[in-house]
Amino acid sequence: MELLSQHAKKIMEGCKERARDAGLRFQDDSLEYIVTNRDFLRLTPKNMIPTLYDYWVQDVEVMKEAGQYELYPTNPYETVINTRPPISYYNDNNPDWLNVMIFYHVLGHIDFFQNNLYFRHTWDYDFAGKALSDKRLIAKLRSEKGRWVDYIIEFSRGIDNLVGYFDMLMDLSVEQKKMTRIDFYFDVFIQGKKNSSIVDYVGEIEKYNQFERDFPGEGELRFIDDVRTRHAEFESLYEKELKAREKGNNRRDLLQFLMDKSEFLNQEENKWMHSVMEVIRTTSLYFQPQIRTKILNEGWASYWHENLFLQDDRISGHEIDFAVVNAKVTSLPRVGLNPYALGMRLFYYIEEQADKGKISYDYQRIADQYRRRKFDVGAGGGKEFIFNVRENFCDAMFIANFIDQEFVDKHKLFVAGKRLNKKRMTWQYYVKSKKARHYRKMVADALYHPPAIKIDVDENNSLVINHIFEGKPLLRDYIRGTMMGIEFLWGNKVILFTEEPEPVKKQPGQSQQAQQEKGPGEVKWKRVKYTMKDRKLNRVLVD
Amino acid sequence: MNDMKTRLRQLFADLRSRGLTPLQEKKIRFELDMAERNGVDHRQTPAPSVCPIYRYHDLEMLQDFSPANLTALTTVQSLDYLLERDKQREKDGFPRKIRVGRMVKPSKNGDDKVIIVPTTVEEKLVHDKIRLDEEGEGGDGDPSSGDGGTGEGEEGDVIGEEPVRPDQGGVGGAGQGEGAEHDVESNAYDLGRILTEQFELPNLKDKGKKRSLTRYTYDLTDKHRGFGQVLDKKSTLKRIIQTNIALKRVQYGKEVNANDLLMSPDDRVYRILSKEKDYESQAVVFFVRDYSGSMGGKPTELVVNQHVLIYSWLIFQYKNQVETRFILHDTEAKEVENFQVYYNSTVAGGTQVASAYKLVNEIVDEESLARDNNIYVFHGTDGDDWDTKGEKAVPQLKKMLTYVSRVGITIAENGYGISGQTEVEKYVRKSGLLEEKRDLLRMDVITKDTEEERLIKGIRELIS
């Protein structure tokens, strides 16, 4: 890897000035490298971090089985990485105009890394430097412990998607307030009760307000007294919850939990495993925001490379070359989801919406199509609005908030389905739905979404992992391998509860045709208990 | 073409006049319809692809940096090293993790090159789709399931189509094609060795029929370190690099200066003249594949994959002294010249197993192969047969069993019918040959979502 030439670096510095003038904010220095195909091949399995620790899986083709595991994205890397200073990679024969376009795109990403709040835990240190010391640590351990280091890496990587990313962000953001009884009552207690309805909930709020009005100053106290008399169990549940929320008692971060609580790992001769696990955990936490902001990040970078390139006076005459490349990057595919295209259009769209004052209650209330189209109160502030979005949003929020019918219609978006045509023996792609809510859900389903879990230890010192049901099963093929790793790290039996779908029984002998007309989708969810003991997996249904 | 259709229709009419159950008739109709619509044309078709959201990335989009397919990166001893490591895993009490995957790549000139791609998976707890039906077939229930799309078209409009499973195992496996492959080029012999050693496929039993060697030849085949007749440059270079890695003169990530490399006298590897037994061909293997219309997709993929594994295993067992013959059949059978064609012909037409068996018998007869050779026949099919009772196939099979060392029938179910109820399976079982000639005839029934591991197990079943 060589540094970029001085000539190109000078162009880059010019781009930085122009990007700053446009409102982007990022640190002064940056590193640019020329990479060859060979470098690229080495960097890919290391997620573009040149200093990442070595691991044998990086030398092997990891099976992706195209299309099958979209839910397991494996490419969280960019042309630029979120280090201090940021490092970006270039082909050595790019013409200047193309480099300008790429520089602007890169600056968009750097601005995003350094301002989006989901990255805030990466702001205080240089990951490349940390990775280098981690790499040395692992190399040193490997010289002492041999292949066992790789087993620990393997088992830790097996659960590195269960790291309690949001808990960590929460710890960082605001100083933790102790949960009051009122918080507990309204946020947890009554919502967790069986047959609780909204009406009841609102009723309780009204009751609380009544107490506040009747007994100014001590309404809260009296309300809680009232709660205690009505629910005898309230106080003990509150204490329990408080304990559970204490720091170091995290029940969602499996890696951390094992490090804290596993008797096996805390034996003197196994202490070194903590260091390895910690490396895996911090690496995973570092990558978490990238994968949760793919559409935003690419959309933001594309928005800015397009705008800034066209305003750049240094490269006029290359508009057509630019248009060709830009179209390739940002055109919406006939079938498929291009995060560059979708993200960029959304940014343009909400900027316009905000400029016209359409992101408002007044606009929402209008049903008349004509008036909606003509609506423009000249509110302005579109730029400010999108800067705000780039600071505070992640993909899931971006999609849920801004993809509406107007956007879907404007860009002629639809959900594309695929069905089997038996006569022609072909898969047919067809327009399945043009409704915004379907489109939104389709995009949301394509987003990274690791399973949520809750961890407990039962009386036999077995680790109990409860997979929180969200309408999706776990990938069964992977359960065995993962649980074997957890058992090793925990040093005792491991139990996993999850739900699995079961098709509603078909009539035997029923023809294929009839089955299809009925359509799939009829599923019964069964609760399943997996037990891993002595590296043997056992699966039973529970009721 | 029209001639072909007429013949198919005649055959159908003929069969019907002899009586068919409605289910049988339906199956035959299905293939017939397809044949009439698309022609009985076995050809290749390309497949389009849809790119999911996280597979887009900057380097490719902006700078045309597609991951290069570099063999160079593969470390000096990669495959053996990985397999060694995998063996150690087993000793440590963990299941193996390396899969020797997707190894089908016959080269164009017909010699038996096989690409071994060591692959692995990183297992995690991840969400899966709800999959009840095969590959999202139908799937109309939920209007928000599917891909994104843009452009003109009303709800319900068809905007494009692709053939069902266009990949007929041409490059050896579905889903290949993106990502950097770290291929290890090897030949079928090596693959056979790996299968035998790593996956513990049985060694072939000596049936006492092996032909004795006829003569010795002298050839520069043995390797010797230190001295010899001809310097083996590739092996020597490998040794030198290994030595220098050990001396830390070659280090990861650093530029290698060839002038700095040290060379130990032992690093020189020579070829020396040695006495070799010259065998005559000892085995003739017939690979028979059903390429009728119903074989589309998975069944074909499974059958060809399994056949390549068997082929490699036999090559290892017979030290390259294997003659192979390839036969394809729909309603009629034909012999094709090499693996390449055997692999890449696409499916169409109807099914008559008997035609293929008959052809094998004829070839063996005409060339008097049975006298001097061990003969193996491996037949892959989805189990559909227009000759529903095996009236023609069973006699041919019986005849075959008089001279072969082994007949292995693989039935890869296509999922259209009821499992375990395919025509071929039924009539072979009914014939009683499986018990009567257990040492000669084996059958393995696999479903369409069979994995590699199961395939290898199946081979064990077929050949042991």
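This is a short walk through a predicted model with two protein chains, A and B.

Hi everyone, and thanks for coming. Let me start with the two chains in outline. Chain A is built from 23 helices and twelve strands, and 51% of its 543 residues count as buried. Chain B has 14 helices and 14 strands, with 50% of its 464 residues buried. The accessible surface is about 25,600 Å² for chain A, and carbon and sulfur atoms supply 51% of that. For chain B the figure is about 22,000 Å², with 48% from carbon and sulfur.

How do the contacts spread along the sequence? In chain A, take the contacts between residues at least 6 apart: 72% of them join residues at least 24 apart. In chain B, 79% of the contacts with a separation of 6 or more come from residues 24 or more positions apart.

Now for the cysteine fans. How many disulfides are there over all chains? The count is zero. As a reminder, a disulfide is a covalent bond between the sulfur atoms of two cysteines. Two cysteines in chain A are worth finding on screen: Cys15(A) is buried because its relative accessibility is 0%, and Cys394(A) is buried too, at 8%.

Next, please look at a sheet in chain A. Five strands make an open sheet in the order S8-S9-S10-S11-S12, with mixed pairing. Its edges are strand S8, residues 453-457, and strand S12, residues 536-542, and each of these pairs on one side only. On average, neighbouring strands are turned by 30 degrees against each other, ignoring direction. Strands of a sheet pair through backbone hydrogen bonds, either parallel or antiparallel. Inside this sheet, S9(A), residues 463-467, runs parallel to S10(A), residues 494-503, and four bridges join them. One spot to click on is Asn466(A), whose bridge partner in S10(A) is Phe497(A). Lying across S8, S9, S10, S11 and S12 of chain A is helix H22, residues 479-490, which runs at about 40 degrees to S11(A).

Staying in chain A, have a look at helix H7, residues 181-192. Its buried residues include Ile182(A), Phe184(A), Tyr185(A), Phe186(A), Phe189(A) and Ile190(A). What covers them? Helices H8, H9 and H10 of chain A are among the elements that do.

My favourite residue today is a lysine. Is Lys46(A) buried or exposed? Lys46(A) is buried, because its relative accessibility is 4% and the cut-off for buried is under 20%. Lys46(A) sits in the loop between helix H2 and strand S3 of chain A. Its side chain reaches the backbone oxygen of Tyr53(A) at 3.3 Å. Beyond its neighbours within four places in sequence, Lys46(A) touches Leu52(A), Tyr53(A), Asp54(A) and Gln58(A), plus Tyr252(B) from the other chain.

That takes us over to chain B, and to strand S13, residues 406-412. Seven of its seven residues are buried, so S13(B) is largely enclosed by the rest of the structure. In a regular strand the side chains alternate between the two faces of the sheet. Here, Arg406(B), Gly408(B), Thr410(B) and Ala412(B) point one way, while Val407(B), Ile409(B) and Ile411(B) point the other, and all are buried. S13(B) pairs with strand S12 of chain B, residues 374-381, in the parallel sense over six bridges. Within that pairing, Phe378(B) has Gly408(B) as its bridge partner.

That's my tour, and I'm happy to take questions!

Methods
Residues numbered from 1 in each chain as written. Chains lettered and ligands numbered in written order. Predicted model: local features only at pLDDT ≥ 70, side-chain atom pairs only at ≥ 80, totals over all residues. Heavy atoms only, no water. Pairing = 2+ DSSP bridges. Axes fitted to C-alpha atoms, helices over the stretch in contact; angles between N-to-C directions. Contact = heavy atoms within 4.5 Å. Buried < 20%, exposed > 50% of the residue type's maximum accessible area, 1.4 Å probe, protein only. Areas by Shrake-Rupley, 256 points an atom, 1.4 Å probe, with all protein chains shown as cover. Disulfide = S-S within 2.5 Å. Polar contact = N/O pair within 3.5 Å; in protein donor to acceptor, adjacent residues only side chain to side chain.
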